[in-house]
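Hi there,

Here is the structure I promised to pass on to you. Have a look at it first, and then read on for what turned up in it.

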Amino acid sequence: MNGIRAAYRKGFAEWLSTHQPDLVCLQEVRIQDKDLKEPMRHPEGYTGHFNLAQKAGYSGVGLYVKEAPHTVHLGMECDEFDPEGRIIRADYDDLTVISAYLPSGTSGDARQDAKYRFLARFEHWLQTYMDDHRATGREYVICGDWNIAHQEIDLKNWRGNQKNSGFLPEERAWMTKILDEMGWVDVYRSLYPDHTHECYTWWSNRGQAWANNTGWRIDYQIATPGIAAKAKEAWVYKEERYSDHAPLVVDYDLTPR
């Protein structure tokens with residue numbers, strides 16, 4: 001959201017009211033609990049749950065849900081990164097939905113090193129959930145800003161970004177491991193394996209990136225195979241702009257068979 005207050009000022013409440021998604025995962029809300037006013041905390045028709053960063057104006061994730069989950073968990077039991085408010089998890093009967101905001105490494109080597117530490121911890125977490133999926137059949141969907149463009153088709157200027165955070169070989173190899181070896185599914189790419197035109201979800205505020213569609217696909221819904229197979233359609237909402245990111249929407253058919 002690049003700040004929940006900024007997104008609401010730009011019309012996010014109207015988008016929510018008009019489109020009425022069943023569940024919304026929010027990242028980078030950048031707010032403290034005392035500043036989270038009621039219309040943003042619990043929009044009409046929704047209950048909000050948040051994991052906010054200790055540092056003011058930084059990070060933070062949330063969920064808007066129509067149907068109350070059985071439990072909501074914050075963080076991933078990691079002393080280094082949990083204070084940054086990067087993970088929130090909602091558990092339903094046989095489905096878990098997670099909003100995740102993975103670190104960026106663009107500010108320098110120290111944050112890139114922190115990003116790699118996060119990925120190592122997150123990988124262990126993802127393996128635990130995949131093991132649970134295989135043992136119990138519980139489905140998982142992880143929605144969020146992963147701050148990694150996986151393939152060349154996932155950003156406009158891939159040649160010029162091969163040495164930049166977000167498209168480094170080590171980051172891309174990590175994504176490949178999560179998908180190809182661990183068995184998670186990139187839901188958008190599973191629906192549109194060769195689709196490039198509308199896939200970007202983030203545009204730099206510098207220059208004319210938005211106007212020229214010089215974007216990156218760094219926001220994903222990564223899911224276990226069962227629920228990934230129930231995805232019918234996915235799109236990036238670009239009619240209005242609420243942030244430097246655009247909402248990634250996936251329609252799943254969860255009708256009992």
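Let's begin with a single pair of residues: Leu-23 has Val-65 as its bridge partner in S3. One thing to keep in mind throughout is that this is a predicted model.

**The small sheet**

That pair belongs to two strands, S1 and S3 (residues 61–65), which run antiparallel and are joined by five bridges. Zooming out, three strands make up an open sheet in the order S1-S3-S2, with antiparallel pairing. Strand S1 (23–27) and strand S2 (47–51) are the edge strands, each pairing on one side only. From one strand to the next, the twist averages 15 degrees. As background, strands of a sheet pair through backbone hydrogen bonds, and they can do so in a parallel or an antiparallel way.

**Two residues to compare**

Now find Lys-66, in the loop between S3 and strand S4 (71–74). Is Lys-66 buried or exposed? It counts as partly exposed, because its relative accessibility is 39% and that class covers values between 20% and 50%. Leaving out residues up to four places away in sequence, Lys-66 touches Gln-20, Pro-21, Asp-22, Gly-45 and Tyr-46. With Gln-20 there is also a polar contact of 2.7 Å between the two side chains. Glu-181 is 115 residues from Lys-66 along the chain, and their C-alpha atoms are separated by 34 Å.

Phe-81 sits in a loop too, the one between S4 and S5. Phe-81 has a relative accessible area of 2%, so it is buried, as the cut-off for that is under 20%. Not counting residues up to four places away in sequence, Phe-81 touches Arg-86, Pro-103, Ala-114, Arg-117 and Phe-118. Try finding Glu-67 from there: Phe-81 and Glu-67 are 14 residues apart in sequence, with 29 Å from C-alpha to C-alpha.

**Following S4, S5 and S6**

S4 and S5 run antiparallel and are joined by four bridges; across from Leu-74 you will find Ile-88 in S5. Why is S5 described as largely enclosed by the rest of the structure? Because five of its five residues are buried. Ile-87, Arg-89 and Asp-91 point one way from S5, while Ile-88 and Ala-90 point the other way. This fits a general pattern: in a regular strand the side chains alternate between the two faces of the sheet.

After S5 the chain makes a hairpin of three residues that leads into S6. S5 and S6 run antiparallel with five bridges between them, and Asp-91 stands opposite Thr-96 in S6.

**S7 and its partners**

S7 is mostly covered, with seven of its seven residues buried. Glu-139, Val-141, Cys-143 and Asp-145 point one way from S7, and Tyr-140, Ile-142 and Gly-144 point the other way.

Which way do S6 and S7 run relative to each other? They run parallel, joined by seven bridges, and Leu-95 has Glu-139 as its bridge partner in S7. To get from S6 to S7, the chain passes through helix H4 (residues 109–136), and this β-α-β crossover is right-handed. S7 also has five bridges to strand S11 (residues 219–223), and those two run antiparallel. Here Cys-143 stands opposite Gln-221 in S11.

**The nonpolar cores**

Finally, the inside. The largest nonpolar core has 29 residues, and Val-141, Val-187 and Tyr-252 have the most contacts inside it. Elements that give two or more residues to this core include S3, strand S5 (87–91), strand S6 (95–101), strand S7 (139–145) and helix H6 (187–191). Another core, of 27 residues, lies apart from it; among its members are Met-76, Tyr-140, Ile-142 and Met-175.

Val-141 is a nice place to stop and look around. Leaving aside neighbours within four places in sequence, its contacts include Leu-95, Val-97, Ile-98, Ile-222, Ile-227 and Tyr-252. More generally, in soluble globular proteins nonpolar side chains tend to be buried together.

Enjoy exploring it!

Best wishes

Note on methods
Residues are numbered from 1 along each chain as its sequence is written. This is a predicted model: local features need pLDDT of at least 70, side-chain atom pairs count only at pLDDT 80 or more; totals for chains, interfaces and linings use all residues. Side-chain values use heavy atoms; hydrogens and water are left out. Two strands pair if DSSP finds at least two bridges between them. Axes are lines fitted to C-alpha atoms, for helices over the stretch in contact, and angles run from 0 to 180 degrees between N-to-C directions. Buried means under 20% relative accessible area, exposed over 50%, partly exposed in between (1.4 Å probe, protein chains only). Contact means heavy atoms within 4.5 Å. A polar contact is a pair of N or O atoms within 3.5 Å; within protein, one must be able to donate a hydrogen and the other to accept it, and residues adjacent in sequence count only if both atoms are side-chain atoms. A nonpolar core is a set of buried Ala, Val, Leu, Ile, Met, Phe, Trp, Tyr and Cys residues joined through side-chain atoms within 4.5 Å. A crossover is right-handed if, with the strands pointing away from the viewer, the path from the first strand over the helix to the second runs clockwise.
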